[in-house]
Amino acid sequence: MTSPAPAPKISLLGIRKSFNGHEVLRGIELDVRAGESLVVMGGSGAGKTVLLKHLIGLLLPDEGHVVVNGVDLVRASPSEALALRRTFGMSFQEGALFDSMTVFDNIAFPLRRHTRRTPAEVAARGRECLELVRLEGIEGRYPAELSGGMKRRVGFARAIALEPEILLFDEPTTGLDPINTGAIARVINRLRDRLDVTAVTITHDLQLAFEISDRIAMMRNGRIIALEPADRFAQSPDPYVQAFLHG
């Protein structure tokens with residue numbers, strides 16, 4: 001007898017969202033499997049970042065449901081929603097670091113705010129996070145002293161500080177050259193392998209998408225128009241997907 005498929009880590013069920021009368025998400029249906037790396041692609045204005053904000057509860061849908069670990073964020077109490085958000089780590093575009101803080105203080109910020117770890121424990125966790133993103137020994141630097149790729153990786157280190165179950169990456173390679181994009185891809189794969197997390201990445205970067213994904217979803221005009229394993233995505237018959245892949 002075949003065992004039933006495990007429940008999705010995250011389910012988006014009929015998600016609709018409008019701003020000032022403009023519908024941005026138009027009935028999104030999407031499951032994210034536990035332990036997978038899902039990449040969501042699409043052109044500007046497709047609704048990718050709005051979708052990402054629904055995953056973590058920064059936005060609530062006008063219609064539909066967001067279910068994380070079996071709990072519906074739309075119906076959750078404030079305390080339930082807060083507990084669910086703490087299972088996420090999010091890396092924002094270009095790192096979004098605090099310019100006035102050192103690298104260490106950026107990473108320590110969520111630890112100091114949300115845990116009761118001692119200063120020695122915070123310091124040890126900060127070093128551990130920097131080792132995971134391959135940036136050992138830069139704790140005392142400021143963001144202005146870092147390259148674009150290093151800023152993204154410090155942002156990753158901050159995102160994993162609280163040991164999340166789910167990692168969200170919002171356009172992690174925007175503005176980076178192919179060499180730095182490759183380095184970012186290797187770090188994302190390393191985090192996934194070492195931490196056993198579920199990852200969702202929003203990107204328009206084809207190189208990154210194929211290097212880190214188990215599955216790729218394509219968005220257009222607020223809808224998911226294709227969803228395929230990474231090794232089959234290039235064979236999608238959808239004409240928009242083919243235009244996106246081949247320019």
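**View 1. Leu 12 and its partner in strand 4 of the predicted model.** In this predicted model, Leu 12 has Val 66 as its bridge partner in strand 4. The two strands concerned, strand 1 (residues 10–19) and strand 4 (residues 63–68), run antiparallel and are joined by five bridges. A further pair along these strands is formed by Arg 16, whose bridge partner in strand 4 is Glu 63.

**View 2. The hairpin of strand 1 and strand 2.** Strand 1 also pairs with strand 2, here over eight bridges and again in the antiparallel sense, and within this pairing Ser 11 stands opposite Asp 31 of strand 2. The hairpin that these strands make has two residues between the strands, and Asn 20 takes a positive phi near 50° in this hairpin.

**View 3. The four-stranded sheet and helix 1.** Strands 1, 2, 4 and 5 form an open sheet in which the order is 2-1-4-5 and the pairing is antiparallel. Its edges are strand 2 (22–32) and strand 5 (71–72), each of which pairs on one side only. Helix 1, made of residues 48–55, lies across strand 1, strand 2 and strand 4, and its course makes an angle of about 125° with strand 1.

**View 4. The six-stranded sheet.** A second view of sheet structure shows six strands in an open sheet with the order 6-7-8-3-9-10, where the pairing is mixed. Strand 6 and strand 10 (223–229) are the edge strands, each pairing on one side only, while neighbouring strands of the sheet are turned against each other by 15° on average, direction ignored. Inside this order, strand 3 (residues 37–42) and strand 9 (residues 215–220) run parallel and are joined by five bridges, and Met 41 has Met 218 as its bridge partner in strand 9. Helix 5 (residues 148–159) packs on the sheet, where it touches strand 6 and strand 7 (166–170), and the direction of helix 5 makes about 165° with that of strand 6.

**View 5. Met 90 and Ser 91 in strand 6.** Ser 91 belongs to strand 6, which spans residues 88–91, and Met 90 has its place in strand 6 as well. Ser 91 counts as buried because its relative accessibility is 3%, under the 20% limit for that class. Leaving aside residues up to four places away in sequence, Ser 91 touches Arg 152, Gly 155, Phe 156, Ala 159, Leu 168, Phe 169 and Asp 170. Met 90, with a relative accessible area of 13%, is buried too, and, with the same residues along the sequence set aside, Met 90 touches Leu 52, Ile 56, Ala 159, Leu 168 and Asp 170. The C-alpha atom of Met 90 is separated by 19 Å from that of Thr 102, which lies 12 residues apart from Met 90 along the chain.

**View 6. Helix 5 against helix 6.** The axes of helix 5 and helix 6 (residues 178–195) come within 10 Å and cross at roughly 15°; the two helices are therefore roughly parallel to each other, since angles under 35 degrees are counted in that way. Helix 5 passes helix 6 in a right-handed crossing. On the side of helix 5 the contact involves Gly 149, Arg 152, Arg 153 and Phe 156, which meet Asn 180, Ile 184, Val 187, Ile 188 and Leu 191 of helix 6. The residues of this contact divide into five nonpolar, two polar and two charged.

Key:
Residues are numbered from 1 along each chain as its sequence is written. This is a predicted model: local features need pLDDT of at least 70, side-chain atom pairs count only at pLDDT 80 or more; totals for chains, interfaces and linings use all residues. Side-chain values use heavy atoms; hydrogens and water are left out. Buried means under 20% relative accessible area, exposed over 50%, partly exposed in between (1.4 Å probe, protein chains only). Contact means heavy atoms within 4.5 Å. Two strands pair if DSSP finds at least two bridges between them. Axes are lines fitted to C-alpha atoms, for helices over the stretch in contact, and angles run from 0 to 180 degrees between N-to-C directions. Angles under 35 degrees count as roughly parallel, over 145 as roughly antiparallel, 65 to 115 as roughly perpendicular and the rest as oblique. A crossing is left-handed if the near helix is turned anticlockwise from the far one by less than a right angle, and right-handed if clockwise. Ala, Val, Leu, Ile, Met, Phe, Trp, Tyr, Cys and Pro count as nonpolar, Asp, Glu, Lys and Arg as charged, and the others, Gly among them, as polar.
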